[in-house]
Amino acid sequence: MCIRDRYQRRVRGPGFASPSRLQMSLPAISHRSRVMRVYKSLLVTQRNWAIDRDVFNTEALKTQALFRSRASETNPTIIAAYVEEAERKLAHFRHPDPYILPTEFGGSKYMRNPAPPESISSDDVVSRPHY
């Protein structure tokens, strides 16, 4: 890992991936990974839109039932159509202001108390009296 990657990971957060790295990894993901990613994204989007936890649970059960009903399909073209349909719905219903965990990048507590710079954390600076 080069210094630039470490800097970007520290500044932009651990979940950040550069566009070139993301484009390289997309064609290589398996079908199962793609379906799982869409399923999880749908659940997160439903959570962002839900007014109450009960509403989210009801919608999550509907989504789970839909995915389980289509799990026995073996025709690759139909499966690809199902996944593309789910991705279109996901893009359509994406929340404009999604919930971000406070400690994640963009959250209210992200980098609130960053570590002090290396230049002032040496032993001779710490041992001096502070007024």
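User: Where do I begin with the secondary structure here, and how many helices and strands are there?

Analyst: Start with the tally: this predicted model has six helices and zero strands. Read from one end of the sequence to the other, the pattern is α-α-α-α-α-α.

User: Thanks. How is burial read across the protein, and what percentage of the residues is buried?

Analyst: Burial is judged by relative accessible area, with under 20% counting as buried. By that cut-off, 15% of the 131 residues in the protein are buried. As for contacts, take those between residues at least 6 apart in sequence: 57% of them join residues at least 24 apart.

User: Let's turn to the core. Which residues form the largest nonpolar core?

Analyst: The general idea comes first: in soluble globular proteins, nonpolar side chains tend to be buried together. Here the largest nonpolar core has five residues, namely Val38, Leu42, Val83, Ala86 and Leu90. Helix 3 and helix 5 are the elements that give two or more residues to this core, and helix 5 provides the largest share, with three. To follow one member outward, pick Val38: apart from its neighbours within four places in sequence, Val38 is in contact with Phe67, Val83, Ala86 and Glu87.

User: Now pockets. What is the volume of the largest pocket, and which residues are closest to its centre?

Analyst: A useful order is volume, then lining, then chemistry. The largest pocket has a volume of about 710 Å³. It is lined by 28 residues, and those closest to its centre are Leu42, Thr63, Leu66, Phe67 and Ala86. The elements giving two or more residues to this lining are helix 3 (31–49), helix 4 (53–69) and helix 5 (76–93). Helix 3 gives the most, with nine residues. In chemical terms, the lining divides into 17 nonpolar, four polar and seven charged residues. Notice that Leu42 and Ala86 appear both in the nonpolar core and among the residues closest to the pocket centre.

User: And which residues line the second largest pocket?

Analyst: That pocket has a volume of about 280 Å³. Its lining consists of Arg37, Lys40, Ser41, Val44, Thr45, Asn48, Arg94, His95, Pro98 and Tyr99, which divide into three nonpolar, four polar and three charged residues.

User: Asn48 is in that list. Is it buried or exposed?

Analyst: Asn48 belongs to helix 3. It counts as buried because its relative accessibility is 16%, below the 20% cut-off. Setting aside neighbours within four places in sequence, Asn48 is in contact with His95, Pro98 and Tyr99. Those three partners are also in the lining of the second largest pocket.

User: Where is His95, and what does its side chain reach?

Analyst: His95 sits in the loop between helix 5 and helix 6 (123–127). Its side chain reaches the backbone nitrogen of Asp97 at 2.9 Å. Beyond neighbours within four places in sequence, His95 is in contact with Thr45, Asn48 and Trp49.

User: One last residue: where does Arg70 lie, and which residues does it touch?

Analyst: Arg70 lies in the loop between helix 4 and helix 5. With a relative accessible area of 27%, Arg70 is partly exposed. Not counting residues up to four places away in sequence, Arg70 touches Tyr82 and Glu85. The C-alpha atoms of Arg70 and Tyr82 are 8.2 Å apart, although the two residues are 12 residues apart along the chain.

Conventions:
Residues are numbered from 1 along each chain as its sequence is written. This is a predicted model: local features need pLDDT of at least 70, side-chain atom pairs count only at pLDDT 80 or more; totals for chains, interfaces and linings use all residues. Side-chain values use heavy atoms; hydrogens and water are left out. On a 1 Å grid over the protein atoms alone, a cavity is a set of points where a 1.4 Å probe fits but cannot get out, and a pocket is an open set with protein on both sides within 12 Å along at least five of seven lines; lining residues have an atom within 4 Å of a point. Grid points are joined across faces, edges and corners, and a volume is the space filled by probe spheres set on the points. Helices (H or I, at least four residues) and strands (E, at least two) are DSSP runs, numbered from the N terminus. Ala, Val, Leu, Ile, Met, Phe, Trp, Tyr, Cys and Pro count as nonpolar, Asp, Glu, Lys and Arg as charged, and the others, Gly among them, as polar. A polar contact is a pair of N or O atoms within 3.5 Å; within protein, one must be able to donate a hydrogen and the other to accept it, and residues adjacent in sequence count only if both atoms are side-chain atoms. Contact means heavy atoms within 4.5 Å. A nonpolar core is a set of buried Ala, Val, Leu, Ile, Met, Phe, Trp, Tyr and Cys residues joined through side-chain atoms within 4.5 Å. Buried means under 20% relative accessible area, exposed over 50%, partly exposed in between (1.4 Å probe, protein chains only).
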